[in-house]
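Visitor: I would like to go through one helix pair and the empty spaces of this model. Please show it.

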Amino acid sequence: MQAFLFLVRLVGLLSLTSRFLVTSALQGLPESVVQALLRPSSVSERLVGLQVRGSNFTLGNTPFLILSGTIHYFRVPRDYWKDSLLKLKACGFNTVTTHVPWNLHEPRRGHFHYRGNLDLLAFISLASEVDLWVILCVGPYVGSDLDLGGLPSWLLEDSHMKLRTTHKGFTAAVNRYFDDLIPRIRGFQFQEEGPIIAVQMENEYGSYNLDKRYMLYIKNALLSRGVKTMLMTADTGQGLLKGHTPTVFATLHMKSIRQETYEQLSSVQGPGPVMMMVYTARSLDGWGSFRNTLDLHMLMASVREMLQLRFSLNFYMFHGGTNFGFMGGAAFRGHRLPMVTSYDYGALLTEDGDPTPEYLAFQEFFRPAAEIPSFRHRDSRPKDTYAPLAAGHFISLWDTLIHQDEPVRSTGPLSMEQLSVNEGSGQSAGYILYETVITRGGVLNSDGHVKDRGQVFLDNKYIGVLDDAHQKLTLPNDRYKEFLTLRILVENQGRLASGTSMNQERKGLTGNIYLNGSPLRKFRIYSLEMQNKFIQRKLPNIWKPSFLHTEGPAFFLALLRVGSHPKDTFMSLQGWTKGVVFINGQNLGRYWNLGPQETLYVPGPWLKPGLNEIIVFEEFKSTLVIYFTNTSQLGY
């Protein structure tokens, strides 16, 4: 509903007849059509990059209209990158926008990853090969509904950390990151015969705005490392003035735009072109909430008016993809809203990359106007519905503990970020287990220190859940036992992706937990990060028949036999409760019977001919049967 209101507001705003907008529209649509046809293969003059001249962008001294769509390389299987880029071009877009997630590229301090699905340079090269321009959003904060907005969680090991400011600890980390990232992408800039025409610095900083010196610092950090292409900021209507940086081109996100927004935009950078950097018809879906939907007619009306006014635009998302693993963040909508695994987001392609009705409508709209060569999109990628499987074996989480790394011993609780694991970078995601010994039952009070969801067990018996809404549990006494083992299994459901509260987004037990008013002490703490290597190396071969399992956290094993040509499919865990799924060591993401999402996307390239190993970490209880379907079921 909120997205609908944004769209209605935008349609009205685009009809404004202020002098600024009228001036932009005078030359009419035909010229903007010609401007949209400019492609990398057709530009030989590379001395002058993207610039503002009057009411136009120019590229290589030629008038240019940006028609962009966002694709996140890290949310789409690498084998399908080219397919998504070709569909972007075939739909009539001339540019791809992508964000660079610092937390994925530097998961540990000083350890940089640019391989496999994180091969940024391969993605940029493919965009160039397909004949698309690139807008690169380098952050360091990129938002994008990622855990901590794409910032590494190890920054929060510093109890005094002030994210997105000139705090010394933050700028030192940014400098090291940019020292690694920027040299990698320098040679792909427009002036170096590459496809990158603009670099977006930060994201919606005007809505954060904790340090007036910060944006200038980021600007200088990029320029001093050799960024030559146009720098951009991107802000909502309310944050425009606070996020604007002198000599940096200001673009808009469609949220909270009013008539005065355009007047403010004109006041800070003159009557130049307007770039709607985030035009979206949806917002994220969260566990336990209704799925967001869109209205195609409203969508097309808005885009049609924007193009008549010669707005450049970026459609977020063109292909949303999947929050594989634990990359998804959380939002705050009056209460914490952890994001579902699918990042469908109302994109023009489905989660698995097939054209939507909206895609076809855009293609029909753009093709006659932009003279896009005739293109008949191929049929949707074939899907398979594999036969249901029984998870025949299981291992209780408790039985794996002696095979895990030595637990951290601490007098009081430590958060994930404080753990002395991962070469001092702490724990980023997954689960963390706290174990202590008590001598009697009573009232267990979390005092709001369980982040985000903690299951409580007493001598392996399930007691209940502690979270923001449930902060007390009663532990029973056992007159036959002198000592009782108390375990609290805490899940990190994703850090906030935006807002000043990000600075407090530490996970696990973030403070004392009390039994009958006294703080518990002497913890053994197990880091259960559930990364791919955890599944591949740390599960012992002590599987038991699954019919012996009743309830409680456990790993379940199933084997899927696939033919010689693996195809995409969707996994359904109907009857299971909550957990995470791995296939051949790849983390597909979270499932939860709370909904709305009911299936998990399984990319064909992640399967192999023959037997495929499926491991499900179930937090509570299951039916042991895994189903497959050829259609996604993302909710109600």
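Visitor: Which hand does the crossing of H7 and H8 have?
Guide: The model is a predicted one. Helix H7 covers residues 168–186 and helix H8 covers residues 214–223. Their crossing is right-handed.

Visitor: How are the axes of H7 and H8 set, roughly parallel or roughly antiparallel?
Guide: The two axes come within 10 Å and cross at roughly 30 degrees. Angles under 35 degrees count as roughly parallel. H7 is therefore, relative to H8, roughly parallel.

Visitor: How many residues of the contact of H7 with H8 are nonpolar, polar and charged?
Guide: H7 brings Phe-170, Thr-171, Val-174, Asn-175, Phe-178 and Ile-182 to the contact. From H8 come Tyr-214, Tyr-217, Ile-218, Ala-221 and Leu-222. By class they are nine nonpolar, two polar and no charged.

Visitor: Now the enclosed spaces. Which strand gives the most to the lining of the largest cavity?
Guide: There are five cavities of 30 Å³ or more, and the largest has a volume of about 60 Å³. Its lining includes Trp-287, Glu-491, Lys-578, Arg-590, Tyr-591 and Trp-592. Strand S31 (578–583) and strand S32 (586–592) each supply at least two residues of this lining. The one that gives the most, with three residues, is S32.

Visitor: How many residues in the lining of the largest cavity are charged?
Guide: Pro-338, Met-339, Gln-493 and Gly-579 are also among the residues that line the largest cavity. By class, the lining has five nonpolar and two polar residues, and the charged ones number three.

Visitor: What is the volume of the second largest cavity?
Guide: The second largest cavity is lined by Asp-285, Arg-291, Val-340, Ser-342, Asp-344, Pro-596, Gln-597 and Leu-634. That lining divides into three nonpolar, two polar and three charged residues. The volume is about 50 Å³.

Visitor: Which elements give two or more residues to the lining of the largest pocket?
Guide: The largest pocket holds about 1,200 Å³ of space. It is lined by 34 residues, and the closest to its centre are Leu-104, His-113, Leu-118, Gln-531 and Asn-532. The elements that give two or more residues are helix H5 (102–105), helix H14 (532–537) and S32.

Visitor: How many residues in the lining of the largest pocket are polar?
Guide: The lining of this pocket is divided into three classes. Nonpolar residues number 11 and charged residues seven, while the polar ones number 16.

Notes. Residues numbered from 1 in each chain as written. Predicted model: local features only at pLDDT ≥ 70, side-chain atom pairs only at ≥ 80, totals over all residues. Heavy atoms only, no water. Axes fitted to C-alpha atoms, helices over the stretch in contact; angles between N-to-C directions. Helix = DSSP H or I, 4+ residues; strand = E, 2+ residues; numbered from the N terminus. Parallel < 35°, antiparallel > 145°, perpendicular 65-115°, else oblique. Left-handed = near helix turned anticlockwise from the far one by under 90°. Contact = heavy atoms within 4.5 Å. Nonpolar A, V, L, I, M, F, W, Y, C, P; charged D, E, K, R; others polar. 1 Å grid on protein atoms, 1.4 Å probe; cavity = no way out; pocket = protein on both sides within 12 Å on 5 of 7 lines; lining within 4 Å. Points joined across faces, edges and corners; volume = space filled by probe spheres on them.
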